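Q: Please give me a close look at one part of this chain, and then show me how it fits with what surrounds it. I'd like one connected walk, from the inside of that part outwards.

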Amino acid sequence: MVAKINVGKNLYGALAYNQNKVDEGEAKVLAAHLVRHPEDGRFRLDESMRQLLEWMPSHYRTEKPVIHISLNPHPDDVLTDGQLAEIGKEYMERLGYGNQPYLIFKHEDIDQHHIHIVSLRVDSEGKKVSDKFEHRRSKEITEFLEQKYDLHPAEGQKKGEEWQLKPVDVTKGDIKRQIARTLKPLLKLYRFQTMGELRALLSLYNIGIEEVKGEINGRTYHGILYTALDGDGETAATPIKSSRLGKMTGAEQLNAKMRESAAKIKSDPCRERLRPLVADALRQFVGERDFRDRLAKEQIDLVLRHNETGRIYGVTFIDHRSRTVLNGSRLGKEFSVNILNGRFQDQPQNVSSPLQPTVSPAVVPGHEDKILGGLLSDMEPELNYVPRHPKLLKPDKKKRRRRYGRQD
């Protein structure tokens, strides 16, 4: 079991993060300690926050009075809601929070269910709960709980979460949840600068994306639709509005992500690393399938788009090491559509269908226990079939966003 502790000032943010998951049907409240249960059984953000704040005096000296903990069992541990709640309660008791109010949330938006706990680091007298050797004590507690509940030990696991994402399978139903489980970590971890590059990335996981623009009563709108794709890349389910999948999947957030990605890619040597690898594969290939296989050995996926006559009109390279998506022309003129069409013209095509990521997950770099978007990460899906999709790991260290232009 891996425990991650995050402390801060924003009680509303910690509660809202978990409550939004509850409202979207991707989480539920397992237990509440020293917090009254509502009569209808439904916890609400404003009421939960009011009750927690009642425990805090008007004046205290602690700079960061909020604690947000994530307890992540091993993927092979199958625990009931009751067991998860008991583990959460015992963990908090042993960490020194037995007399503090807290809420335990179970997150179900991924295959590996886990819990988040929100509490206060300040008691009713304004004194801070002792955090002396907190991380060392936390590790000792999780090791004790592993033995008590016969869980898989955390020793040997990678630090933080490993994400292995499943492509959407329309035959399994629950399309909305399948798309959300794969879409959200991809948007968080990969860098792309255009909708076309994002579309290429999502196609590896049988997810389609379309923009919807127009005007109603003099007001313009810009929406995003997601859908499941079949093995031939054709729409296989009713499109889902981005608003049903979460705020980060909407048009405004995608545009912000693309601007951020462009700045990071500009200062990152990922293109310099990719160019010789792709050039070497292109120089030796004997057909499209062979070209893909050579790139796959370097953890690079190739997405080609063909028209009805078989001519290529789109080329995208996806580097799973740096988690960067680049159109061929953006990588270099020698990798553009026209060049590849010329190179493939006299070669056997053997186009593979459907597209599958063929990256080996063994050499993707590790990462630290950092918080995405200021909140604890909550996705650790496990993939148990072949072909294996690339493991996605959070970066070792969050880089400071570069600012351009004059800074006053």
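**Helix 9 and its surroundings**

A: In helix 9 (residues 288–296), the buried residues are E288, D290, F291, R292, L295 and A296. Buried means under 20% relative accessible area, exposed is over 50%, and partly exposed is in between, with a 1.4 Å probe and protein chains only as cover. Helices (H or I, at least four residues) and strands (E, at least two) are DSSP runs numbered from the N terminus. This is a predicted model, where local features need pLDDT of at least 70 and side-chain atom pairs count only at pLDDT 80 or more, while totals for chains, interfaces and linings use all residues. Residues are numbered from 1 along each chain as its sequence is written, and side-chain values use heavy atoms, with hydrogens and water left out.

So what do those buried residues of helix 9 pack against? Their partners are helix 8 (270–284), strand 10, strand 11 and helix 11, where contact means heavy atoms within 4.5 Å.

Take helix 8 to begin with. Helix 8 and helix 9 have axes 9 Å apart and pack at an angle of about 145°; axes are lines fitted to C-alpha atoms (for helices, over the stretch in contact), and angles run from 0 to 180 degrees between N-to-C directions. The crossing of helix 8 past helix 9 is right-handed. On the helix 8 side, V278, A281, L282 and Q284 make the contact, and on the helix 9 side it's D290, F291, R294 and L295. D290, F291 and L295 therefore turn up among the buried residues and in this contact too.

Next come the strands. Strand 10 and strand 11 belong to an open three-stranded sheet with the order 10-11-12 and antiparallel pairing. Strand 10 (300–306) and strand 12 sit at the edges, each pairing on one side only. From one strand to the next, the twist averages 20°. Two strands count as paired if DSSP finds at least two bridges between them.

Strand 11 (residues 312–319) runs antiparallel to strand 12, with four bridges between the two. Within that pairing, D319 is matched with T324, and I318 is matched with V325. The two strands make a hairpin with four residues between them, and R323 in the turn has a positive phi of about 55°.

Strand 12 (residues 324–327) is covered on both faces: T324 and L326 are buried on one side, V325 and N327 on the other. In general, side chains in a regular strand alternate between the two faces of the sheet.

Two more helices lie across this sheet. Helix 11 (residues 337–344), already met as a packing partner of helix 9, lies across strand 10 and strand 11 and runs at about 105° to strand 11. Helix 6 (residues 195–203) lies across strand 10, strand 11 and strand 12, at about 120° to strand 12.

Elsewhere in the chain there's another open sheet of three strands, in the order 7-8-9 and again antiparallel. Its edges are strand 7 (207–216) and strand 9 (240–241), each pairing on one side only. Strand 8 (residues 219–228) joins strand 9 over two bridges, and one bridge has L225 partnered with K241 of strand 9. Helix 5 (residues 175–189) lies across strand 7, strand 8 and strand 9, at about 100° to strand 8. Helix 7 (residues 251–266) packs on that sheet too, touching strand 7 and strand 8, with its direction at about 85° to that of strand 8.

E234 sits in the loop between strand 8 and strand 9. Why does E234 count as partly exposed? Because its relative accessibility is 49%. Setting aside neighbours within four places in sequence, E234 touches A228 and L229.

Stepping back, the chain has eleven helices and 13 strands, and 48% of its 408 residues are buried. Among contacts with a separation of 6 or more, 69% join residues 24 or more positions apart.

How far to trust it? The mean pLDDT (the predictor's confidence in each residue, from 0 to 100) is 80, with 81% of residues scoring at least 70. Among the elements, helix 3 (residues 81–97) has the highest mean, 96, and strand 13 (residues 391–393) the lowest, 46. Residues 158–163 fall below 50, though that stretch has 30 contacts in the model beyond near neighbours in sequence. Residues 349–355 are below 50 as well, with 16 such contacts.

How values were computed
A crossing is left-handed if the near helix is turned anticlockwise from the far one by less than a right angle, and right-handed if clockwise.
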